[in-house]
Amino acid sequence: MPVIKTLDDLKKIREEALEKRKVKTASGQIEVIVGMGTCGIAAGARDTMKAILETIQNDNLSGIIVKQTGCVGLCEKEPIVQIVIGEQPKITYGKVTGDIARQILKEHVVDGKVVQTHLITL
Amino acid sequence: MRELSLHLLDIAENSIAAQAITVEIAIREDNRKDRLYLSVCDDGKGMDYEMAAQVIDPFVTTRTTRKVGLGIPLLKAASEACNGFLEIHSTPGIGTRLEVEFQNSHIDRMPLGDIASTILHLVIANPQIHFIFRHQVDENEFFFDDEPIKRELADIPLSDPLVISYLRDEIEAGIETFQPAMA
């Protein structure tokens, strides 16, 4: 039987997270946006989102804001993931499976290298 | 979509698009009556009678603004195939309540699937929205409200690795308490 956590655990989490933020030098806010319209969900966007959250959790990547959006009008390219780093222009990826999402987080978000194979040029 | 949890994610997206502040998702299994009830209730901008009728029927749409999709008709068809129905109650400026019912034991009834992921993703990826989740199996209930958690976290993002881990444990533990009943 798993233990249900309490709000006290959250206080600790908050303190830890604040501490980490002090250490980290901000390269601007990082946003990861997943298309979660009917088209995205039907194409497997939940698995994509799942992989993103698991990677953030397992690799302990702080400072990333994960958001969802509706249909962006490119249903055939779903699941779609968009990355915005600081003031840089938004980068859009298509056909992002769980594995590709992990690759995008590691190469683009962490190392700053755009993953060319799944890039959508708008 | 092969899981009801994916449909819930899809319906909730409509509430988000309707600029809801609070979204309440409920799942209720009544094994004595052999019914499964799902509902998504929001305080978004709502729809008039005409539009509510339109979103249910995939063939009536004029599709000038592309506000109408396939998500709701698909879920409606799935429920009707299982001796159930789908209803939308909506008032402009007040909000929308979508209810869907199934015969729980029906052979064609889709599995609920990964409910924990659906709730986790909605909560984390839509920090501006207040989510309430209620899952009942007969007299047992799991109730989750993200408001106290957000208040405690204040400016720490919900997508912080520690917070994801906390939310995941909390939601999975709550849903796991039902597993024997749902087998």
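Select Ile30(A) first, and then Ile64(A), which stands opposite Ile30(A) in strand 2 of chain A; strands here are DSSP runs of E with at least two residues, helices are DSSP runs of H or I with at least four, and both are numbered from the N terminus. The model is a predicted one, in which local features need pLDDT of at least 70 and side-chain atom pairs count only at pLDDT 80 or more, while totals for chains, interfaces and linings use all residues. Residues are numbered from 1 along each chain as its sequence is written, and chains are lettered from A and ligands numbered from 1 in the order in which they are written.

Widen the selection to strand 1 (residues 30-35) of chain A together with strand 2 of chain A, and the two are seen to pair in the parallel sense over six bridges, where pairing requires that DSSP finds at least two bridges between the strands. Helix 3 of chain A packs on the sheet and touches strand 1, strand 2 and strand 3 of chain A, with a direction that makes about 155° with that of strand 1 of chain A. Such angles run from 0 to 180 degrees between N-to-C directions, the axes being lines fitted to C-alpha atoms, for helices over the stretch in contact, and two residues are in contact if their C-beta atoms, placed from the backbone, lie within 7 Å.

Now colour the whole sheet of chain A, an open one of five strands in the order 2-1-3-4-5, with mixed pairing. Its edge strands are strand 2 and strand 5 (119-120) of chain A, each of which pairs on one side only.

Showing chain A alone gives four helices and five strands, which from the N terminus on run α-β-α-α-β-β-β-α-β. Its C-alpha trace spans about 45 × 40 × 20 Å along the principal axes. Of the 122 residues in chain A, 32% are buried, a residue being buried if 20 or more other C-beta atoms lie within 10 Å of its own, exposed if 12 or fewer, and partly exposed in between, with C-beta atoms placed from the backbone.

Two places in the loops of chain A deserve a stop. Zoom to Asn60(A), in the loop between helix 3 and strand 2 of chain A, which has a positive phi of about 55° although it is not a glycine; Asn60(A) is exposed, with 12 other C-beta atoms within 10 Å. Then go to Pro79(A), in the loop between strand 2 and strand 3 (81-85) of chain A, where a cis peptide bond with omega of about -5° joins Glu78(A) and Pro79(A).

Bring chain B back to display the contact between the chains, which takes 32 residues from chain A and 33 residues from chain B. On the side of chain A, the elements that give two or more residues are helix 1 (7-23), helix 2 (38-43), helix 3 (45-58) and strand 2 (64-69) of chain A, and the largest share, eight residues, comes from helix 1 of chain A.

In chain B, select the open sheet of six strands in the order 3-4-2-1-5-6, whose pairing is mixed. Strand 3 (85-91) and strand 6 (140-145) of chain B stand at the edges, each with a single partner strand, so one side of each is left without a neighbour in the sheet. Within this sheet, strand 1 of chain B runs parallel to strand 5 (residues 130-137) of chain B, and eight bridges join them; Arg28(B) stands opposite Gln136(B) in strand 5 of chain B.

From there, select Asp34(B), in the loop between strand 1 (22-30) and strand 2 (35-42) of chain B, which has a positive phi of about 55° although it is not a glycine; Asp34(B) is partly exposed, with 13 other C-beta atoms within 10 Å.

Finish with helix 4 (residues 115-125) and helix 6 (residues 161-176) of chain B, which pack at an angle of about 145° with their axes 9 Å apart. Residues to show as sticks include Ile119(B) and Val123(B) of helix 4 of chain B, and Leu167(B) and Ile171(B) of helix 6 of chain B, among those that make the contact. By class, this contact has 10 nonpolar, no polar and two charged residues, where Ala, Val, Leu, Ile, Met, Phe, Trp, Tyr, Cys and Pro count as nonpolar, Asp, Glu, Lys and Arg as charged, and the others, Gly among them, as polar.
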